[in-house]
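Trainee: I'd like to learn how to read this model from the bench side. Can we go through it feature by feature?

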Amino acid sequence: MSCRTRFAPSPTGFLHIGGARTALFCWLEARHRGGEFVLRIEDTDRERSTQASVDAILDGMNWLGLAWDEGPVFQTTRFDRYRQVAEELVAAGKAYYAYETREELDAMRARQEAAGIKPRYDGYWRDRTDPPPPDRPRVIRFRNPTVGRVAWEDRVKGRIEISNEELDDLIIWRSDEHPTYNFAVVVDDVDMRISDVIRGDDHVNNTPRQINLYEALGAPLPAFAHLPMIHGPDGAKLSKRHGAVSVMQYRDDGYLPWALLNYIVRLGWSHGDQEIFSVDEMVRLFAIGDVNHSASRFDFDKLRWVNQHWMKHDDPARIAPHLEWQLRDLGLDPAAGPNPADVVVALRDRCHTLREMAEKARVWYAEFEAYDEQALARHAGGRARECLEAAHVELARLPQADWTPVAIDAALRRAAEAVDEGLGKVAQPMRIAMTGSAVSPSIDHTVFLVGQRRALARIERLLARLPTPAR
RNA sequence: GCUCCCUUCGUCUAGUGGCCUAGGACGUCGCCCUCUCAAGGCGAAAACACGAGUUCGAAACUCGUAGGGAGCGCCA
């Protein structure tokens with residue numbers, strides 16, 4: 001059987017980090033083995049499912065670049081099929097009608113909990129042949145085996161075994177004519193010929209009853225792989241405060257999609273000591289069997305480091321479009337300044353996200369408002385005026401074709417020499433002239449990106465503000 | 001309560017009985033480099049949850065204990 005995996009979110013929210021990693025692992029396993037990856041939307045719960053969530057999930061998948069080969073398949077389009085299978089099971093004696101009301105079931109559960117035993121359906125209608133009572137809700141329950149054990153070799157966790165005595169006769173068809181989750185999943189996975197069910201380990205407990213369903217349907221069992229959870233930095237469940245926001249929030253915050261993938265692939269999976277993986281490498285090296293058993297915590301510091309790594313080591317031209325997106329998001333016009341790829345080169349050692357990069361790039365796309373007074377006080381006194389004047393002379397002299405960081409560096413060094421000072425004495429006032437502050441990338445790049453005309457104008461602007469020396 | 005799962009530096013992890021005086025990475029700290037800020041280089045502190053057992057030998061295997069997580073719906 002060739003490899004077919006699926007990612008099956010329910011559209012009741014956006015795609016968050018946990019879902020994204022599940023999707024990634026499903027996608028990687030399929031790609032690695034040359035198989036197919038199916039996207040299925042589990043929208044049987046009409047109350048909670050929304051179109052907005054469907055769109056949000058699709059957006060997230062697209063942004064991450066996790067392309068699916070089939071789907072999205074909506075479960076709501078398959079109700080006839082679920083009903084047909086449920087009725088076949090009844091006809092085959094593998095499922096039966098039951099007529100309890102919700103209130104009766106709640107009361108049964110309450111009694112069992114009070115008695116300190118695991119709440120389970122008592123099987124009242126399991127073997128009853130009396131005619132159906134009138135005016136009662138009717139559901140279909142699966143006739144779960146009562147003896148024996150269910151076991152499977154989980155591809156992540158190893159052998160897991162549970163006694164059938166722990167299971168009860170689950171409802172597969174609700175009184176409101178909807179299938180239930182555990183049933184729809186199995187019918188879909190069988191029909192879609194899913195070979196590897198990869199999902200969060202909150203589903204381990206569902207697996208044995210699903211296996212029984214497979215067997216009742218006479219369907220071949222897929223391999224199961226249950227992924228450990230991802231927690232927030234504090235070890236608690238991911239909440240809005242930390243990771244449980246939409247993956248799109250990571251785009252807004254300035255993370256590269258492939259950097260986010262690199263970070264999350266290492267949550268629970270590793271390949272020796274390697275930390276950095278391109279998407280191609282992940283596909284080549286990933287194997288679901290190498291995934292860890294234990295939950296992990298989301299660490300923003302490491303994500304930021306990985307993101308910077310990719311900003312530093314990728315082709316700037318590949319980063320530039322993402323920076324442009326951020327510039328626009330800040331209300332800046334990328335056309336009103338230098339080539340964004342050059343900005344990437346100047347700033348990538350100094351920031352961890354594209355957001356920070358765009359904010360720092362502001363001075364090249366718009367005039368800055370005011371000078372940093374503290375910077376002025378520290379660096380604009382002494383011989384700052386002479387240094388700036390010398391720099392102005394040298395920079396004005398540069399032919400346009402020589403407006404490069406290398407030539408600018410040489411020019412500023414000549415200026416420093418002319419006033420008999422170290423480069424630092426020229427660089428700091430220049431920095432203030434260029435950006436208004438005492439912090440910026442190396443002075444040659446800073447000046448280069450401002451552009452020649454604007455650079456000269458900015459020197460003049462600062463000179464005009466400095467007190468005229470008494471001659 | 002019952003069932004299932006998990007447990008190596010603060011965090012992500014390497015480790016499949018001797019290569020472990022437990023390795024790497026993020027973060028932290030120190031030094032170097034330096035036109036600011038970074039980045040980079042070098043270095044440091046930092047972990048096998050606990051207890052028994054198996055074995056010549058255990059981070060690794062077994063059993064217990066503790067701690068954490070998940071599930072026990074006509075939710076998914």
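Mentor: Let's begin with what "near" means: a residue is near a molecule or strand if one of its heavy atoms lies within 4 Å of it. With that cut-off, 68% of the atoms of RNA strand B within 4 Å of the protein belong to sugar or phosphate, and the rest belong to bases. A word on ground rules: this is a predicted model, where local features need pLDDT of at least 70 and side-chain atom pairs count only at pLDDT 80 or more, while totals for chains, interfaces and linings use all residues. Residues are numbered from 1 along each chain as its sequence is written, chains are lettered from A and ligands numbered from 1 in the order in which they are written, and side-chain values use heavy atoms, with hydrogens and water left out.

Trainee: Which residues come nearest to RNA strand B?

Mentor: Gly116, Arg174, Gly268, Asp349 and Ser440 do, out of 61 residues around the strand. By class, that surface has 24 charged, 21 polar and 16 nonpolar residues. Here Ala, Val, Leu, Ile, Met, Phe, Trp, Tyr, Cys and Pro count as nonpolar, Asp, Glu, Lys and Arg as charged, and the others, Gly among them, as polar.

Trainee: And how do I read the individual contacts?

Mentor: A polar contact is a pair of N or O atoms within 3.5 Å; within protein, one must be able to donate a hydrogen and the other to accept it, and residues adjacent in sequence count only if both atoms are side-chain atoms. Gly268 uses a backbone N or O atom, 2.3 Å from a phosphate oxygen of RNA strand B. Trp305 has a side-chain N or O atom 3.4 Å from a phosphate oxygen of that strand. For Lys312, a polar side-chain atom lies 2.7 Å from a sugar or linking oxygen of RNA strand B.

Trainee: Where do the helix and strand labels come from?

Mentor: Helices (H or I, at least four residues) and strands (E, at least two) are DSSP runs, numbered from the N terminus. Elements that each supply at least two residues of the surface near RNA strand B include α4 (102–114), α5 (181–191) and α10 (300–313).

Trainee: Now pockets, please. What is the idea?

Mentor: Rolling a probe the size of a water molecule over the atoms shows where empty space is left. On a 1 Å grid over the protein atoms alone, a cavity is a set of points where a 1.4 Å probe fits but cannot get out, and a pocket is an open set with protein on both sides within 12 Å along at least five of seven lines; lining residues have an atom within 4 Å of a point. Grid points are joined across faces, edges and corners, and a volume is the space filled by probe spheres set on the points. The largest pocket holds about 1200 Å³ of space. Its lining counts 40 residues, with Ser10, His16, Gly19, Asp202 and His203 nearest the centre. Helix α1 gives the largest share, five residues.

Trainee: How much space lies in the second largest pocket?

Mentor: About 660 Å³. Of its 24 lining residues, Leu105, Arg109, Arg141, Leu170 and Ile171 are closest to the centre. The largest share here, five residues, comes from α4.

Trainee: What does Arg141 stand opposite?

Mentor: Strands of a sheet pair through backbone hydrogen bonds, either parallel or antiparallel. Two strands pair if DSSP finds at least two bridges between them. Arg141 stands opposite Ile171 in β8, and two bridges join the antiparallel β5 and β8. They belong to an open three-stranded sheet ordered β4-β5-β8, with antiparallel pairing.

Trainee: Any backbone oddities?

Mentor: Most residues other than glycine have a negative phi, and most peptide bonds are trans. Glu177, in the loop between β8 and α5, has a positive phi near 65 degrees. The Gly71 to Pro72 peptide bond is cis, with omega near 0 degrees, and Pro72 sits in strand β3.
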